[in-house]
Amino acid sequence: MCPGPITDLFRAYRNSNIGDVIELLATDPAAKSDTEAWTKRSGNEIIAVIDEKDYIRIQIRVVKKGK
Amino acid sequence: MQESTVNIIVVGGGSGGTLSANLLAKQLRAQIQTGEVKVHLVLGSRQHIFQPGYLHVAFAGQDPTEIVREERSLVSENVRLIEEPAERIDLKSQVVTLTSGRTLHYDYVIIATGSVPNPKAIPGLGEAALNFHTSPEESRRIWDVIQKFEGGHVVVGIAGVPHKCPPSPNEAAFLLDDYFRKRGIRDKVKMTFLTPYPRPYPAEPMSKVVEPLFKERGIEVVTFFNVESVDATKKEMCSLEGESQSYDLLIMVPPHRGADVVLKSGIGDADGWIPADKNTMRITGYENAYAIGDATGIPVSKTGVTAHLEAITASDNIVSAIRHGRQLYKYNGRINCPFEMGSGKAAFVIGSYDMPVKEIQPSRIRYMMKMAFARFYWRTLSGSLDWLFGLYFGKTQTVEGA
């Protein structure tokens, strides 16, 4: 569904601090590639991508926020 | 309120709330006439705004008064209108408290309090950017400003998420491009579409439609830009991702939050979105309380059509509980967002929980459909055109236990 789990990632990112870990649970197959592209661009880190039974669990560490 | 009477309260008089109250009044007409049931509609405002109309007020000069009507004129005579906003909703005690302190006890409640554009969430955004999501007057301000604009860098887009009406930022870019071309100054205007998402439209199939059209029209795209702050003096934005973007004219959709009453009542998440079952529309943990439309945190677009279809499910579930006590209607997540793409053409964003959004090209006929819907909007609030919705949408809910 649009706009999907990436919206939740951005909501969490806005409220996060450096060092926080954001965990994204998504059924949308585009979530993984979108998150990878975003971390590459923003300088943040994917710690793990775990395939669960009905969804994927993506863990992102916030290492960069703002200038 | 009498103890023997079943009291249903709908909180919020937008698309979803108005339709819910009217559908309940229609389906429970006999019980309302005998006094067994009362349907109350608690209004946040006496005026009802056709919010998709903001776009044409802002970018096509439509008269803003054409998109506003008195809520009273749109509601069935069998609905008891309460023209006073709700201050607090207590789901455990089943009580709605109004701003005057008056309390109303309910047996069933539908919360349709919508979403609130929140420019204050981003430092400087409110002062620096125009937006077409807050009011007819703010939308009109855009029209006034662009008429005087003689050239420069226009940045239009999404400042933060979530926001209502996902296609509207893209539509704004298309209509602005149309407008500058009509005025013959397009060559003096640089246009940038700015978005937090990875692509011009979040759902990839529709982004494939938008991308070549933006390219053809010379609209540049900046992705992964969650606005962190705006400096109105320097005319510059910074992103959470660490980038910056300058502008001469800034038109941005602000991030939205839930309604004040939801935040004050502590019945939503930190941003005021109410947790609800995405199918039954029941608020998590409550059998007699429903949330619909923008007010919920369910994973579906915040649009009028969604609110409309969820209103049908929530009201059917209440009617069913009163009459049979066993049937449960389930919304299938159908979305159908009109998507104007300039030059008098439009597409629709169509999908459901089980059907991913598909690629639909813009056409003149779809534009005519969008405009026809705008004309019919006021009548759709009575529920009298739901047969037409049914023909167009097909099934939007299933029933369990019939």
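**Entry 1. Chain B as a whole**

I began with the contacts in chain B that have a separation of 6 or more: residues 24 or more positions apart account for 67% of them. I note at the outset that this is a predicted model. I then counted the secondary structure of chain B and found 11 helices and 23 strands. For the overall dimensions I took the C-alpha trace, which spans about 70 × 45 × 35 Å along its principal axes. I compared the radius of gyration with the expectation for a compact globule of 402 residues: the expected value is near 21 Å and chain B has 21 Å, so the two agree. As for burial, 51% of the 402 residues of chain B count as buried.

**Entry 2. Helices α1 and α9 of chain B**

I next examined a helix pair in chain B. The axes of α1 (residues 15-27) and α9 (residues 304-323) of chain B come within 8 Å and cross at roughly 35°. I recorded the crossing of α1(B) past α9(B) as right-handed. From α1(B), the residues that take part are B:S15, B:G16, B:L19, B:S20, B:L23, B:L24 and B:Q27. The residues they meet in α9(B) include B:G304, B:A307, B:H308, B:E310 and B:A311. Further along α9(B), I listed B:I312, B:A314, B:S315, B:I318 and B:V319 as well. Sorted by class, this contact has 9 nonpolar, 7 polar and 1 charged residues.

**Entry 3. A sheet in chain B**

I looked up the open sheet of 3 strands whose order is β6-β7-β8 in chain B, and its pairing is antiparallel. Which strands stand at the edges? They are β6 (86-90) and β8 (103-105) of chain B; each has a single partner strand, so one side of each is left without a neighbour in the sheet. On average, neighbouring strands of this sheet are turned by 20° against each other, direction ignored. I followed the pairing of β7 (residues 95-98) of chain B with β8(B): 3 bridges join these strands, which run antiparallel. Within that pairing, B:V95 stands opposite B:H105 in β8(B).

**Entry 4. Two residues of chain B, and helix α11**

I chose B:A159, which is found in the loop between β11 (152-158) and α6 (168-183) of chain B. Is B:A159 buried or exposed? I counted 30 other C-beta atoms within 10 Å of B:A159, and the residue is therefore buried; the cut-off for burial is 20 or more. Leaving aside its neighbours within four places in sequence, B:A159 is in contact with B:I122, B:L125, B:A129, B:V227, B:M252, B:V253, B:P254 and B:P255. I also took the C-alpha distance from B:A159 to B:S352, 193 residues apart in sequence, and it is 26 Å.

I then turned to B:I49, which has its place in strand β3 (residues 47-49) of chain B. B:I49 has 18 C-beta neighbours inside 10 Å, so it counts as partly exposed. With neighbours within four places in sequence left aside, the contacts of B:I49 are B:I67, B:V68 and B:P136. B:T34 is 15 residues from B:I49 along the chain, and their C-alpha atoms are separated by 33 Å.

Finally in chain B, I checked helix α11 (residues 386-393): of its 8 residues the number buried is 0, so it lies largely in the open. B:G394 follows α11(B), and its phi is positive, near 75°.

**Entry 5. The sheet of chain A**

In chain A I traced an open sheet of 3 strands in the order β1-β3-β2, with antiparallel pairing. Its edge strands are β1 (21-26) and β2 (45-51) of chain A, each pairing on one side only. Neighbouring strands here are turned by 15° against each other on average, direction ignored. β1(A) pairs with β3 (residues 56-61) of chain A over 6 bridges in the antiparallel sense. I noted one partner in particular: A:I22 has A:I60 of β3(A) as its bridge partner. Helix α2(A) packs on this sheet and touches β1, β2 and β3 of chain A, its direction making about 10° with that of β3(A).

**Entry 6. Chain A against chain B**

I closed with the interface. How many residues of chain A are in contact with chain B? I found 21 residues of chain A in contact with 25 residues of chain B. On the side of chain A that touches chain B, the elements that give two or more residues are α1 (5-14) and α2 (30-42) of chain A. By class, that side of chain A has 9 nonpolar, 5 polar and 7 charged residues.

How values were computed: Residues numbered from 1 in each chain as written. Chains lettered and ligands numbered in written order. Predicted model: local features only at pLDDT ≥ 70, side-chain atom pairs only at ≥ 80, totals over all residues. Contact = placed C-beta atoms within 7 Å. Helix = DSSP H or I, 4+ residues; strand = E, 2+ residues; numbered from the N terminus. Nonpolar A, V, L, I, M, F, W, Y, C, P; charged D, E, K, R; others polar. Axes fitted to C-alpha atoms, helices over the stretch in contact; angles between N-to-C directions. Left-handed = near helix turned anticlockwise from the far one by under 90°. Rg over C-alpha atoms; globule rule 2.2 N^0.38 Å. Buried ≥ 20, exposed ≤ 12 C-beta atoms within 10 Å, placed from the backbone. Pairing = 2+ DSSP bridges.
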